[in-house]
Amino acid sequence: MVAAAGKEAPTGGASARWESDPILSVEHLTMRFGGLVAVGDLSFNAGRGDITALIGPNGAGKTTVFNCVTGFYKPTEGRIVMRHGPGRQAETVEEVTNSGLRWKKEGDKGIFLLERMPDHEIAHRAKVARTFQNIRLFGGMTALENLLVAQHNPLVVASGFTVGGIFGLPSYRKAEQAAIEKAVYWLERTRLIDRADDPAADLPYGAQRRLEIARAMCTDPQLLCLDEPAAGLNPRESAELNELLKFIRDEHGTSVLLIEHDMGVVMEISDHIVVLDYGVKISDGDAETVRNDPNVIAAYLGVEEEEEIDIPEVLEDVSAAAGKAGTGKGGKA
């Protein structure tokens, strides 16, 4: 495991990790569906080793951004840069952009232009994993089998594309044992080891949510994208989710980008928050900055102009509610 260093929350400005050491940069992203602009000229960074929350009212474009980052949609305009290795690597980013290549990797460093890559390549090469708003487990498979399926790429390579698996070659048996050990590790971390042999469909809802995160982590992502992971969870399960995400960040050094409506989750664990409204970024900063931003308050209360709000009173209400779950408008983007 790789420990993540320096997890004190940045105060913004030049010291913010999302500016000095971004793992992901979304630059001037626009996504149109016919005449509808779902996301318009959006730019933000996700810091390496940060938990970055993408929040906003219903229909703000959050899931559309996720679908562009993970390759399910190809953006109409814009650039999405995924970086392996520290720093902005600006020269390499421009080199790859101008060359027409999809990615370039040298040693531990690499630049990946996600808007040019198919979704399977984003997962395999760029090391971006995701979960969905609606759980997408293999219900007929056991919890253990779901985690083994996530490791099919190294297993297929070790098998020599089936031959080694058929004849049980030593290289395949070694890779298979490593896959089982990794699956068991994540079952233990998500408190599912006692249900390892149970079909995924038989698990309680909260356990299925944790299993989906465990399956994503079995792909060894550098960026973990979670689409409303706390949806449908009770307060105890939400608290357990917070601890799991902090463990993933702190002990594995995995950066997390999440969409979430549960403000209790967002405000407690996020290093960086980006707020969208109607596909446009209206706020970007740490939790304290976003909590006190009049534009954010206006968006969540459905007010056209922030001047219409009695700001001191609303700030007090929002500050009190931020420590609890569910100040936002639930649902899907």
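Me: Which residues line the largest cavity?
Reply: Bear in mind that this is a predicted model. A search of the whole structure turns up 1 cavity of 30 Å³ or more, and the largest cavity holds about 60 Å³ of space. Its lining is made up of Gly 206, Arg 209, Arg 210, Ile 213, Pro 229, Leu 233, Glu 237, Glu 240 and Leu 241.

Me: Which element gives the most to the lining of the largest cavity?
Reply: Gly 206, Arg 209, Arg 210 and Ile 213 are among the lining residues. Two elements give two or more residues to that lining, α10 (235-252) and α9. The top contributor, with 4 residues, is α9.

Me: How many charged residues does the lining of the largest cavity have?
Reply: The lining includes Arg 209, Arg 210, Glu 237 and Glu 240. Arg and Glu both go in the charged class, while Gly goes in the polar one. By class there are 4 nonpolar residues and 1 polar, and the charged count is 4.

Me: Is Leu 211 buried or exposed?
Reply: Leu 211 sits in helix α9, which covers residues 205-217. The cut-off for buried is under 20% relative accessible area. Leu 211 comes in at 0% relative accessibility, so it counts as buried.

Me: Which residues is Leu 211 in contact with, leaving aside neighbours within four places in sequence?
Reply: Start with spacing: Arg 191 is 20 residues from Leu 211 in sequence, and their C-alpha atoms are 9.3 Å apart in space. Arg 191 isn't on the contact list, though Leu 192 is. The full set is Leu 137, Ala 143, Leu 147, Leu 187, Leu 192, Ala 200 and Leu 203.

Me: What separates the C-alpha atoms of Ala 214 and Trp 186?
Reply: Ala 214 is also in helix α9, and at 1% relative accessibility it counts as buried. Not counting residues up to four places away in sequence, Ala 214 touches Leu 147, Thr 190 and Trp 186. Ala 214 and Trp 186 are 28 residues apart along the chain, yet the separation of their C-alpha atoms is 5.6 Å.

Me: Why is α8 called oblique to α10?
Reply: Helix α8 (residues 170-189) packs against α10 with the axes 11 Å apart and an angle of about 135°. Roughly antiparallel needs an angle over 145 degrees, and roughly perpendicular runs from 65 to 115. The angle fits neither class, which makes α8 to α10 oblique.

Me: Which residues of α10 make the contact with α8?
Reply: On the α8 side, the contact is made by Tyr 185, Trp 186 and Arg 189. Across both helices, the contact residues split into 5 nonpolar, 1 polar and 1 charged. From α10 come Leu 244, Phe 247, Ile 248 and His 252.

Me: Which residues lie nearest the centre of the largest pocket?
Reply: The largest pocket holds about 910 Å³ of space. Its lining divides into 16 nonpolar, 8 polar and 9 charged residues. Of the 33 residues in that lining, those nearest the centre are Ala 123, Ala 150, His 152, Asn 153 and Thr 219.

Me: Which element gives the most to the lining of the largest pocket?
Reply: At least two lining residues each come from α4 (119-124), β7 (128-130), α6 (152-158), α8 and α9. With 6 residues, the one that gives the most is α4.

Terms used: Residues are numbered from 1 along each chain as its sequence is written. This is a predicted model: local features need pLDDT of at least 70, side-chain atom pairs count only at pLDDT 80 or more; totals for chains, interfaces and linings use all residues. Side-chain values use heavy atoms; hydrogens and water are left out. Buried means under 20% relative accessible area, exposed over 50%, partly exposed in between (1.4 Å probe, protein chains only). Contact means heavy atoms within 4.5 Å. On a 1 Å grid over the protein atoms alone, a cavity is a set of points where a 1.4 Å probe fits but cannot get out, and a pocket is an open set with protein on both sides within 12 Å along at least five of seven lines; lining residues have an atom within 4 Å of a point. Grid points are joined across faces, edges and corners, and a volume is the space filled by probe spheres set on the points. Axes are lines fitted to C-alpha atoms, for helices over the stretch in contact, and angles run from 0 to 180 degrees between N-to-C directions. Angles under 35 degrees count as roughly parallel, over 145 as roughly antiparallel, 65 to 115 as roughly perpendicular and the rest as oblique.
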